[in-house]
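Please open the structure in a viewer and keep the selection panel at hand. The tour below proceeds stop by stop, stating what to select and what is found there.

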There are 2 protein chains.
Amino acid sequence: MPYMKRSLLLTRNTPERVELDTTIGPWPYPQRIEYYDDFYYINRETFRFKIVNNSQLFNCDILLNAISRYNDLIFNNFTLRNNLRLKELHSLEIYVKGGCEQWPRLDMDESYTLDLLQKNLLSSRSVWGALRGLETFSQLIDKNFIINKTYIEDFPRFAHRGLLVDTARHYMPMSILLRNLDAMAYNKLNVFHWHIVDDNSFPFVSKLFPQLSDKGAYNKHTHVYTPENVKTILEYARLRGIRVIVEFDTPGHTLAWGKGIKDLVLDCSSVSKQYSGLSLKGSGVLQVTKESTYDFLKKFFGEIAETFPDEYIHIGGDEVASECWTNNGQENLYQLYMKRFANIIKELRKKYIVWQEVFEEDLYMHPETIVQVWKSWTQPEEVTRMITERGFRVISSASWYLDMISYKKDWIDYYKYDPHTFYGNQTQKNLVIGGEACVWSEYIDETNFLSRTWPRASAVAERLWSSKHVADSEKASPRFDRFRCLMKERGIPAHPINGPGFCEHFVLPISDKWFSEKQQHNGVVFVYASKATLTSFLVVCGLLMILLLLVLRPTIKQLVRK
Amino acid sequence: MPYMKRSLLLTRNTPERVELDTTIGPWPYPQRIEYYDDFYYINRETFRFKIVNNSQLFNCDILLNAISRYNDLIFNNFTLRNNLRLKELHSLEIYVKGGCEQWPRLDMDESYTLDLLQKNLLSSRSVWGALRGLETFSQLIDKNFIINKTYIEDFPRFAHRGLLVDTARHYMPMSILLRNLDAMAYNKLNVFHWHIVDDNSFPFVSKLFPQLSDKGAYNKHTHVYTPENVKTILEYARLRGIRVIVEFDTPGHTLAWGKGIKDLVLDCSSVSKQYSGLSLKGSGVLQVTKESTYDFLKKFFGEIAETFPDEYIHIGGDEVASECWTNNGQENLYQLYMKRFANIIKELRKKYIVWQEVFEEDLYMHPETIVQVWKSWTQPEEVTRMITERGFRVISSASWYLDMISYKKDWIDYYKYDPHTFYGNQTQKNLVIGGEACVWSEYIDETNFLSRTWPRASAVAERLWSSKHVADSEKASPRFDRFRCLMKERGIPAHPINGPGFCEHFVLPISDKWFSEKQQHNGVVFVYASKATLTSFLVVCGLLMILLLLVLRPTIKQLVRK
């Protein structure tokens with residue numbers, strides 16, 4: 001039964017329903033995709049992923065972990081019988097040409113080919129491509145475990161596809177950060193820009209300077225990221241092909257640093273300068289004229305460089321209340337600082353990213369510096385033109401401040417913005433290495449972070465991965481609706497973006513675990529456990545008792561005989 | 001040790017922390033509150049609520065259920081020792097003058113007096129006042145289980161303090177609606193306005209006309225409210241002193257009704273009228289010229305009147321695409337319909353609420369009709385003046401559309417709006433019986449409903465309960481921050497509203513229960529169970545095995561003797 005009418009499948013739909021259609025296509029959309037009107041059924045019991053032709057990958061943690069994840073994601077739903085009597089897809093072979101790379105990086109190769117026409121083969125040059133291909137494969141399968149014969153050649157348009165998370169205005173619990181990394185992987189985003197500290201709090205626990213978080217965190221016991229936590233984040237991200245670029249913003253935004261380290265920071269709370277329309281009240285700047293500041297920075301960033309394996313560190317440089325310094329009668333201290341600090345970073349063999357102010361104020365920048373453009377109100381296109389004209393690379397963010405929410409389909413604005421929208425030659429365009437959606441957390445904490453971010457960040461994700469010609473938001477809408485439901489099914493509380501409708505599954509937005517943990521303080525443990533847990537508990541208990549009875553069987557027999 | 005410096009308590013605070021202060025005050029703020037600089041410690045082991053002096057209340061379900069709830073809410077945290085050697089508050093006596101009323105209603109008495117000076121007595125004229133007083137009492141207790149000697153006299157400024165939830169644009173699971181009722185009770189809101197059906201879906205399962213939801217719900221199995229569900233909602237609300245006013249909006253917004261009942265609805269999808277700046281594409285209107293329509297309405301609303309005990313039904317009447325009718329060459333059909341329909345409602349011995357259009361279009365209204373003002377862009381104050389001039393009562397909603405979100409402290413706008421802001425004499429002002437925060441769900445489902453609604457609806461709650469002189473948003477801010485953290489602790493994902501900061505406890509915004517239930521489909525039950533659950537499981541299993549061994553002990557002994 002090689003050819004089926006699509007309508008046959010669609011009769012399963014209820015009215016108005018956004019159903020998984022086998023040809024609606026993955027998100028972000030691949031560079032090249034061909035569907036054939038022929039289908040496979042995937043049988044959970046027999047289907048296998050196979051790593052082929054490269055024995056050095058048989059034990060590759062990144063690949064094995066990914067296969068296990070996608071096996072779960074694909075088969076976590078109920079299995080339907082193969083009622084339609086389709087051919088079965090028995091396996092997907094995975095062929096990676098390269099070795100088991102350990103850490104994702106700016107120039108990693110994420111391209112892949114997925115051929116379900118003849119060979120049922122996912123092939124890529126690196127493990128990163130295999131990860132992206134597995135995500136695509138998982139999205140091709142519909143609710144009935146049916147997949148079209150499909151041929152895909154795919155690669156990202158931009159190398160740097162990021163999401164900024166601010167854990168300083170409000171602290172985000174580990175579980176939120178980890179789930180967010182899952183969501184990023186579903187969207188093929190590859191940079192977690194961790195804006196980890198700021199004026200308001202310093203949750204990073206330094207081994208060398210524990211007093212920074214002891215004094216600077218909101219709560220040194222509960223609102224911190226321990227070295228163990230950071231390792232967990234790094235590993236979780238690594239296995240998903242996501243770089244963690246940490247930002248320790250200096251010399252401004254450092255008020256919280258000063259709580260732990262004496263004489264490090266000038267408190268500019270009283271300087272009520274209006275900067276870019278924002279009040280800088282409560283901001284701090286480093287004491288850039290003190291030698292002790294540089295001694296501290298060398299040691300502290302030494303630890304940071306060692307802790308975070310990525311080649312790049314984000315060093316901030318934005319919104320500096322420099323009048324705090326000029327009060328001291330000095331001049332161009334901002335320049336002095338950036339020069340000395342850039343040198344410290346260079347000695348640590350790291351490259352760095354800065355916010356656009358460093359370029360605007362014409363401060364020192366190492367030739368390999370990447371500039372992040374963020375000011376939406378000062379002609380970001382013109383700034384991008386100027387930065388690339390001087391040969392620096394750019395990360396585009398000005399149009400993608402997701403914390404700024406409004407009541408409309410704002411994803412369309414994010415979707416339509418193209419980072420190449422500026423006057424410049426091809427060399428300049430090539431210097432735009434990508435972009436980042438930014439989620440600043442002034443009004444966001446764990447209660448609304450995930451639902452504020454998703455699926456709006458997905459619009460940015462497609463813009464950065466897919467061809468620039470995939471830009472019709474109306475055409476993208478049903479595919480986006482489907483993907484948002486898929487994310488929900490996978491546990492991300494991605495909110496509705498296109499008006500009334502529904503998804504098949506619910507995600508309850510509050511942790512029952514949290515509730516039951518509270519209950520446990522009262523000694524009531526099982527009251528809030530699910531029925532299934534209780535049942536399993538009784539079954540296992542029962543089995544153990546039967547086992548015990550079996551062991552004691554001779555004794556009991558003897559007793560009976562008597 | 002009768003007098004303590006407050007600073008002694010405050011030394012427990014970490015910097016910048018919004019800590020429970022014993023005199024920061026409850027939300028919404030009481031009409032009269034007096035603090036004395038003397039403290040009690042509340043000991044979880046010994047503290048008791050006591051119902052006194054009214055034996056007919058000893059078995060009153062509303063009161064007993066409330067005492068059990070507040071006992072949990074107050075003591076669900078760890079218990080600290082009485083390190084400060086304060087006097088203990090051993091009990092709170094509860095005296096209710098009236099009987100055990102069964103259903104909350106518009107004219108219920110919610111006033112109460114809480115006297116912790118001498119008598120440790122919560123007294124009220126009705127059980128509803130006792131509920132409100134228990135909420136206030138629970139909010140007076142700080143993290144260290146310390147409470148000031150306090151005297152409170154309290155009553156609501158407005159009788160109707162509501163929250164509209166739209167379950168038709170997107171379906172809300174039961175768990176969300178129930179948790180939302182909890183949040184409403186914490187805020188002393190007393191009307192759940194259930195906008196249950198609309199053009200987009202008909203999730204209400206009618207016993208008489210099951211085809212309405214069979215055909216009109218997004219999914220007739222999963223996206224519906226069964227009679228059992230509705231009963232659960234009603235009972236949950238009743239126990240919290242919350243009225244459920246259901247809205248079955250007619251004659252417009254009825255497209256989904258037409259899917260189940262033939263010839264009931266005209267589909268106006270093709271009539272692309274712009275109405276109030278909104279496109280009415282896809283809207284439906286009832287076939288008001290057919291006699292069969294009124295036969296249906298009599299039967300259907302008969303069931304509704306029986307199902308929902310409140311004296312009032314919301315009958316809608318807004319945004320009617322009347323040109324769908326005029327195409328038939330008839331005139332003033334809207335008037336004809338409202339007259340006949342009002343009569344049907346009257347025969348069912350119910351009163352009704354309508355949206356402001358019914359007044360604006362000068363249609364028939366029974367003298368006891370309540371008009372809900374919602375259009376923010378057509379001078380709601382002037383409309384309110386006109387409605388009250390004609391002697392009708394008003395519910396104010398125009399300033400409180402919470403689904404419209406923006407990036408700022410928008411709660412301040414909600415907070416500052418006073419429903420008495422219109423020209424009119426005292427009689428007119430008295431006709432404003434209250435207001436409602438509205439959460440329309442075009443872009444909202446279970447992923448973001450609670451965090452979108454809370455704590456912004458709390459600003460409305462205080463405006464409607466507290467004195468009109470409690471209107472300084474700056475002064476209210478720290479109290480509001482504290483209350484938002486309290487809501488979070490109680491399981492409501494209330495988001496940050498005043499910029500950077502933190503609460504002591506986290507609420508994880510995704511149900512782990514949902515996750516673990518999914519995992520169970522794979523036969524993996526305990527992988528995602530919490531450590532505590534696993535430990536308890538092992539301990540209980542161990543105990544059972546020890547028990548079994550004890551039972552078999554004689555047998556084993558015999559064996560050993562041999």
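Are Cys268(A) and Cys324(A) buried or exposed? Select both residues: Cys268(A) is buried, and Cys324(A) is buried as well. The model is a predicted one, and the tour begins with this pair of cysteines.

**First stop: Cys268(A) and Cys324(A)**

With both side chains displayed, the sulfur atoms of Cys268(A) and Cys324(A) are seen 2.0 Å apart, forming a disulfide. The pair links distant parts of the chain, 56 residues apart. Cys268(A) sits in the loop between strand E11 (265–267) and strand E12 (274–275) of chain A, while Cys324(A) belongs to helix H9 (residues 323–326) of chain A. A disulfide is a covalent bond between the sulfur atoms of two cysteines.

**Second stop: chain A as a whole**

Now select chain A in full. This chain has 20 helices and 19 strands. Of its 562 residues, 62% are buried. Chain A exposes about 21,900 Å², of which carbon and sulfur atoms supply 52%. Among contacts in chain A between residues at least 6 apart in sequence, 76% join residues at least 24 apart.

**Third stop: the seven-stranded sheet**

Next, display chain A as a cartoon and locate an open sheet of seven strands, with the order E2-E4-E6-E5-E7-E1-E3 and mixed pairing. Its edge strands are E2 (48–51) and E3 (87–88) of chain A, each of which pairs on one side only. Helix H2 (residues 61–75) of chain A packs on this sheet, where it touches E2 and strand E4 (91–96) of chain A. The direction of helix H2 makes about 165° with that of E2(A).

Select residues 32–41 and 146–154 of chain A, which are strands E1 and E7. These two strands pair in the antiparallel sense over eight bridges. Within them, Arg32(A) stands opposite Glu153(A) in E7(A).

**Fourth stop: Cys60(A) and Cys100(A)**

Which residues of the next pair should be shown with their sulfur atoms? They are Cys60(A) and Cys100(A), which form a disulfide with the sulfur atoms 2.0 Å apart. The torsion about their S-S bond is about 75°, so this disulfide is right-handed. Cys60(A) lies in the loop between E2 and H2 of chain A, and Cys100(A) in the loop between E4 and strand E5 (112–115) of chain A, so that the pair links distant parts of the chain, 40 residues apart. Cys60(A) is buried, with a relative accessible area of 1%. Cys100(A), at 22% relative accessibility, counts as partly exposed, because the partly exposed class begins where buried, under 20%, ends.

**Fifth stop: Cys485(A) and Cys503(A)**

Move on to Cys485(A), which a disulfide joins to Cys503(A), with an S to S distance of 2.0 Å. At -75° about the S-S bond, this link is left-handed. Cys485(A) lies in helix H17 (residues 473–489) of chain A and Cys503(A) in the loop between H17 and helix H18 (512–521) of chain A, so the disulfide ties together parts that are 18 residues apart in sequence. Cys485(A) is buried, with a relative accessible area of 8%, and Cys503(A) counts as buried at 4%.

**Last stop: the disulfides together**

Finally, select the bonded cysteines throughout. How many disulfides does a search of the whole structure find? It finds six over all chains. Those of chain A follow the pattern 1-2, 3-4, 5-6, with bonded cysteines counted along the chain. For a further cysteine, select Cys438(A), which counts as buried at 0% relative accessibility; Cys438(B) likewise counts as buried at 0%.

Methods. Residues numbered from 1 in each chain as written. Chains lettered and ligands numbered in written order. Predicted model: local features only at pLDDT ≥ 70, side-chain atom pairs only at ≥ 80, totals over all residues. Heavy atoms only, no water. Pairing = 2+ DSSP bridges. Helix = DSSP H or I, 4+ residues; strand = E, 2+ residues; numbered from the N terminus. Contact = heavy atoms within 4.5 Å. Axes fitted to C-alpha atoms, helices over the stretch in contact; angles between N-to-C directions. Disulfide = S-S within 2.5 Å. Buried < 20%, exposed > 50% of the residue type's maximum accessible area, 1.4 Å probe, protein only. Areas by Shrake-Rupley, 256 points an atom, 1.4 Å probe, with all protein chains shown as cover.
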